[in-house]
Amino acid sequence: MDITITAKKDIGINAASVMEAPDALKDVQNYYNEIDRPHVVISLLTSTAKSPTGKLLMCASNTFLFSEAHGQEPRVIHEMWDNNMHLMKFQKKLKAGETYSYSIAGSSISSAHHDDPLNEAERMTIFAKLEGRERLIQFHQKAWDDLWKSDIVIEGDDQSQQDIHSMLYHLYSFVREGTALSPSPMGLSGLGYNGHVFWDADLWMYPALLVLHPEMAKSMMEYRFERLEAAKRNAFNHGYKGAMFPWESAGTGVEETPVWALSGPFEHHITACVGLAAWNYYCVTQDKDWLKEKGWPLLKATADFWASRVERNGPGKYDIKNVVAADEWAENVDNDAFTNAAAKANLQNATAAAKILNITPDADWTDVATNISILKFDDGVTKEHATYHGEGIKQADANLLSYPLKEITDPKLVKTDLEYYAKRVPDEGTPAMTQAIFTLLYARLGDGEKAFHWFKDAYIPNLNPPFNVIAETKGGTNPYFATGAGGIIQSVVMGFGGLEITPNGIVQIRSALPKQWKKLTITGVGPQKKTFAVNK
């Protein structure tokens with residue numbers, strides 16, 4: 001953080017760095033330390049606290065960075081206010097017209113990432129202090145310049161361009177190459193959803209990152225792979241084969257959903273979402289070594305789960321009963337459209353992966369996939385679940401069969417489902433994902449104007465000042481909703497941009513732009529960092 005003060009008259013300033021622990025944290029401890037070296041005094045303001053569950057030790061430390069141009073560094077004083085807050089401060093006299101600058105650098109780390117987080121937080125802060133502001137900024141800018149080589153450029157609509165760049169910025173901020181970590185619905189923006197990982201990561205944020213930065217998406221897949229054994233234990237506990245991924249996942253990979261939420265034991269489509277993500281990683285990267293080592297174990301275990309999960313009631317009537325639908329207002333229903341179609345895709349993709357690796361696939365996977373029920377109304381509209389009768393929906397479910405599942409490919413049927421369910425999304429109380437799917441499908445159907453209507457409806461009512469950050473719902477105040485950003489980026493890249501993930505890599509299909517956009521260019525796509533464009 002940089003602070004610059006220009007004095008309009010002779011003044012004295014009191015500058016302070018305040019560290020306050022959030023109320024949700026426990027057992028707060030505050031520390032102050034000065035490390036005296038011949039040419040510099042390093043002042044360390046440090047706090048530790050236990051996470052809300054008490055499982056992790058959270059540590060944060062910061063220091064002032066002073067510029068040599070201003071001469072001798074000022075004397076820093078520490079003050080303890082209360083158990084949750086303390087500060088360090090300094091005073092400085094400025095003459096009229098004088099400009100004075102200083103910075104604050106800090107680090108935070110937890111026992112999830114280091115066995116000695118208290119000392120490591122202080123070491124990292126000392127590292128920042130002695131690297132100095134200019135080198136820190138230089139490293140920062142180089143890292144961001146590399147990330148922005150994968151970009152979305154909209155010509156003719158500056159506001160949409162800024163909005164999309166904001167969403168990309170947040171997604172790029174929440175995911176890191178070379179880790180085994182995956183983002184929560186609120187990314188790193190706060191304690192929303194306790195930082196847990198849902199289908200939000202695998203189905204909504206991951207595809208956009210997979211196309212633009214496969215190396216970042218790989219971290220998200222590594223997160224799931226490292227928790228595969230926990231998912232297998234979860235399946236066993238429920239009487240199923242294979243792996244059953246938890247609806248809410250954290251460090252250990254066990255189910256973290258609060259007991260009162262039925263999505264924990266019943267929202268099983270998450271397992272198919274993990275399987276789809278694994279298959280798509282291979283499709284984009286064509287990395288057979290990864291498929292053999294990481295992708296195949298994920299695909300096999302998730303396919304085995306569905307083969308044991310279905311109830312076999314005759315040809316064409318393999319049912320998946322008693323689930324919470326992707327539309328979470330539908331609890332404990334039978335034959336949810338998305339759950340069934342996602343399970344079918346999981347089984348088919350596992351079979352395809354086996355053949356690529358010269359492994360004999362389980363013949364039962366094909367039998368189950370062929371016989372899973374996808375329900376329809378008499379007029380051909382996909383029926384969301386067995387007891388669905390046209391009520392309002394919380395979020396996209398049946399429309400996900402068109403994208404990303406490719407279960408429904410006939411444009412007439414895609415449009416029929418789209419027009420039916422677009423009338424069943426309430427104006428309030430729904431998360432910012434459904435409209436993104438409507439956007440994507442209308443763009444692929446060639447209706448750029450309807451697509452643009454849903455594009456704006458997906459996030460404009462959800463923006464919060466002063467930085468236009470996205471809340472989860474219209475009029476909501478709980479940003480940053482990374483899930484929504486991921487869906488909207490998909491609507492641009494895969495909808496308006498027409499990019500499609502196939503077993504042979506990324507291809508471009510026909511799509512339509514809104515009249516406001518003159519040209520859409522997507523750079524740095526896939527491992528080959530290709531450029532795709534759509535002209536008006």
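## A guided tour, starting at T483

Start by selecting T483 together with P185, D200, W204, M205 and M433: setting aside neighbours within four places in sequence, these are the residues that T483 contacts. You are looking at a predicted model, so please read each stop below as a property of that prediction. T483 sits in helix α15. Colour by accessibility and T483 comes out as buried, with a relative accessible area of 0%. Now add E472 and draw a distance between the two C-alpha atoms: 8.2 Å separates T483 from E472, and the two are 11 residues apart along the chain.

**Next stop: K474 and D457**

Select K474 and D457 and show their side chains, which form a salt bridge with an N to O distance of 3.0 Å. Which parts of the chain does this pair link? K474 lies in the loop between β13 (469–470) and α15 (482–496), while D457 belongs to helix α14 (residues 448–459), and their positions lie 17 residues apart in the count along the chain. D457 is buried, at 17% relative accessibility, because that value falls under the 20% cut-off.

**More salt bridges**

How many salt bridges does the count come to? The answer is 23. Two further pairs are good to bring up on screen.

- Select R123 and D116: their side chains meet at 3.8 Å, N to O. R123 is partly exposed at 43% relative accessibility, and D116 is also in the partly exposed class, at 28%.
- Select K149 and D146: here the N to O distance of the salt bridge is 3.4 Å. K149 counts as exposed, with 57% relative accessibility, whereas D146 is partly exposed at 30%.

**On to strand β8**

Move to S103, which you will find in strand β8 (residues 99–110). Is S103 buried or exposed? Its relative accessibility is 5%, so S103 counts as buried. Show side chains and look towards D2: the side chains of S103 and D2 make a polar contact at 2.4 Å. To see the wider surroundings, select M1, D2, T63, F64, L65 and R133, the residues in contact with S103 once neighbours within four places in sequence are left aside.

**Helix α9**

Now show the cartoon for residues 288–309, which make up helix α9. Where does α9 bend? Look at G295, where the helix turns by about 50°, and then at P297, a proline that follows within four residues. Go back to the start of α9 and select D287 and D289: a side-chain oxygen of D287 comes to within 3.1 Å of the backbone nitrogen of D289.

**Last stop: the cysteines**

Finish by selecting the cysteines. A disulfide is a covalent bond between the sulfur atoms of two cysteines. How many disulfides does a search of the whole structure find? The search finds 0. C283 is one cysteine to centre on: the nearest cysteine sulfur belongs to C273 and is 16 Å away, and C283 is in no disulfide. The cut-off for a disulfide is 2.5 Å between sulfur atoms. C283 is buried, with a relative accessible area of 1%. Add C59 to the selection as well, since C59 is buried too, at 2%.

Definitions and conventions:
Residues are numbered from 1 along each chain as its sequence is written. This is a predicted model: local features need pLDDT of at least 70, side-chain atom pairs count only at pLDDT 80 or more; totals for chains, interfaces and linings use all residues. Side-chain values use heavy atoms; hydrogens and water are left out. Buried means under 20% relative accessible area, exposed over 50%, partly exposed in between (1.4 Å probe, protein chains only). Helices (H or I, at least four residues) and strands (E, at least two) are DSSP runs, numbered from the N terminus. A polar contact is a pair of N or O atoms within 3.5 Å; within protein, one must be able to donate a hydrogen and the other to accept it, and residues adjacent in sequence count only if both atoms are side-chain atoms. Contact means heavy atoms within 4.5 Å. A salt bridge is a side-chain nitrogen of Lys or Arg within 4 Å of a carboxyl oxygen of Asp or Glu. The bend at a residue is the angle between axes fitted to the seven residues ending there and the seven starting there.
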